[in-house]
Amino acid sequence: MQADAAEFEFPAEVDAILSTYALTQVPECGEVIAHGAAALSGGGRWAVLDLKVPDKAPRRLAQLGVAVVRPFASIDEWMARRPWEVIRAAMQEELADFSWTELFFGTAFLAAGSRGATPRQ
């Protein structure tokens, strides 16, 4: 399936949703989480593996990382938007048994949760 994530209509009763290294690029990432969570069947799971800026990166290392990526992406806008925080908040609000694990010295994260066994009101 190829579609704009912000406009994608999830089918009803989805068992699982997996997003890898893409959702932080969607400005409406919180809305995507909410729409996906609403489409999950009872017990269905949402998992997101994506990139983030490390919270405690040494300044010089962060500057080097930005310089390397800048020719390939709009990194400044992405860093200002802080989409990983939006994803985390949306998943915490929409899903049960939410978990958040930072990987690779805080440059990536794995977030997951499930829809409760009974539909949310």
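**Entry 1: Ser-114**

Is Ser-114 buried or exposed? I looked this up before anything else, keeping in mind that I am reading a predicted model. Ser-114 comes out as buried, because its relative accessibility is 10% and the cut-off for buried is under 20%. I found Ser-114 in strand β4.

Next I checked what its side chain does. The side chains of Ser-114 and Asp-97 are joined by a polar contact of 2.6 Å. I then listed what Ser-114 touches, skipping residues up to four places away in sequence: Gly-43, Gly-44, Arg-45, Leu-95, Ala-96 and Asp-97. So Asp-97 turns up twice in my notes on Ser-114, once in the polar contact and once in this list.

**Entry 2: the whole chain**

I stepped back to get my bearings. I noted 4 helices and 4 strands in the chain. Reading from the N terminus, I wrote the order down as β-α-β-α-α-α-β-β. The C-alpha trace spans about 50 × 30 × 20 Å along its principal axes.

How much of the chain is made up of buried residues? I got 32% of the 121 residues. I also looked at contacts with a separation of 6 or more, and 68% of them are between residues 24 or more positions apart.

**Entry 3: the nonpolar core**

Which residues have the most contacts inside the largest nonpolar core? My list reads Leu-23, Ile-33, Trp-46, Val-48, Ile-87, Met-91 and Phe-109, out of 24 residues in that core. The elements giving two or more residues to this core are β1 (14-20), α1 (29-39), β2 (40-51), α3 (75-81), α4 (83-94) and β4 (108-114). Helix α1 gives the most, with 5 residues.

I picked Val-48 for a closer look. Leaving out its neighbours within four places in sequence, I found Val-48 in contact with Ser-19, Leu-23, Ile-33, Ile-87, Met-91, Phe-109, Leu-110 and Ala-111. Several of these names, including Leu-23, Ile-33 and Met-91, are also on my list of core residues with the most contacts.

Helix α1 got its own check. Its buried residues are Cys-29, Gly-30, Val-32, Ile-33, Gly-36, Ala-37 and Ala-39. What covers these buried residues? I noted β1, β2 and α4 among the elements that do.

**Entry 4: Ala-112 and Ser-99**

I went back to strand β4, where I found Ala-112. With a relative accessible area of 10%, Ala-112 is buried. How far apart are Ala-112 and Ile-33? In sequence I counted 79 residues, and in space I got 11 Å from C-alpha to C-alpha.

Not counting residues up to four places away in sequence, Ala-112 touches Arg-45, Trp-46, Ala-47, Met-91, Asp-97, Phe-98 and Ser-99. Ser-99 made me curious, and I traced it to strand β3 (residues 96-103). Ser-99 is partly exposed, because its relative accessible area is 33%, which falls between the 20% and 50% cut-offs. Outside its neighbours within four places in sequence, I see Ser-99 in contact with Leu-110, Ala-111 and Ala-112.

I also checked Ser-99 against the serine from my opening entry. Ser-99 and Ser-114 are 15 residues apart in sequence, and their C-alpha atoms are 9.8 Å apart in space.

**Entry 5: a pocket**

Then I went looking for empty space. Rolling a probe the size of a water molecule over the atoms shows where such space is left. I looked up the second largest pocket, which holds about 300 Å³ of space. It is lined by 15 residues, and those nearest its centre are Ala-3, Ala-5, Phe-10, Leu-18 and Ser-19.

Which element gives the largest share of this lining? It is β1, with 4 residues. By class, I wrote down 12 nonpolar, 3 polar and no charged residues for the lining.

**Entry 6: two odd phi angles**

Last, I checked the backbone. Most residues other than glycine have a negative phi. Tyr-21 has a positive phi near 50°, and I found it in the loop between β1 and α1. At 42% relative accessibility, Tyr-21 counts as partly exposed.

Arg-82 isn't a glycine either, and its phi is positive at about 50°. Where does Arg-82 sit? I placed it in the loop between α3 and α4. Arg-82 counts as partly exposed too, at 29% relative accessibility.

Methods:
Residues are numbered from 1 along each chain as its sequence is written. This is a predicted model: local features need pLDDT of at least 70, side-chain atom pairs count only at pLDDT 80 or more; totals for chains, interfaces and linings use all residues. Side-chain values use heavy atoms; hydrogens and water are left out. A nonpolar core is a set of buried Ala, Val, Leu, Ile, Met, Phe, Trp, Tyr and Cys residues joined through side-chain atoms within 4.5 Å. Buried means under 20% relative accessible area, exposed over 50%, partly exposed in between (1.4 Å probe, protein chains only). Contact means heavy atoms within 4.5 Å. On a 1 Å grid over the protein atoms alone, a cavity is a set of points where a 1.4 Å probe fits but cannot get out, and a pocket is an open set with protein on both sides within 12 Å along at least five of seven lines; lining residues have an atom within 4 Å of a point. Grid points are joined across faces, edges and corners, and a volume is the space filled by probe spheres set on the points. Ala, Val, Leu, Ile, Met, Phe, Trp, Tyr, Cys and Pro count as nonpolar, Asp, Glu, Lys and Arg as charged, and the others, Gly among them, as polar. A polar contact is a pair of N or O atoms within 3.5 Å; within protein, one must be able to donate a hydrogen and the other to accept it, and residues adjacent in sequence count only if both atoms are side-chain atoms.
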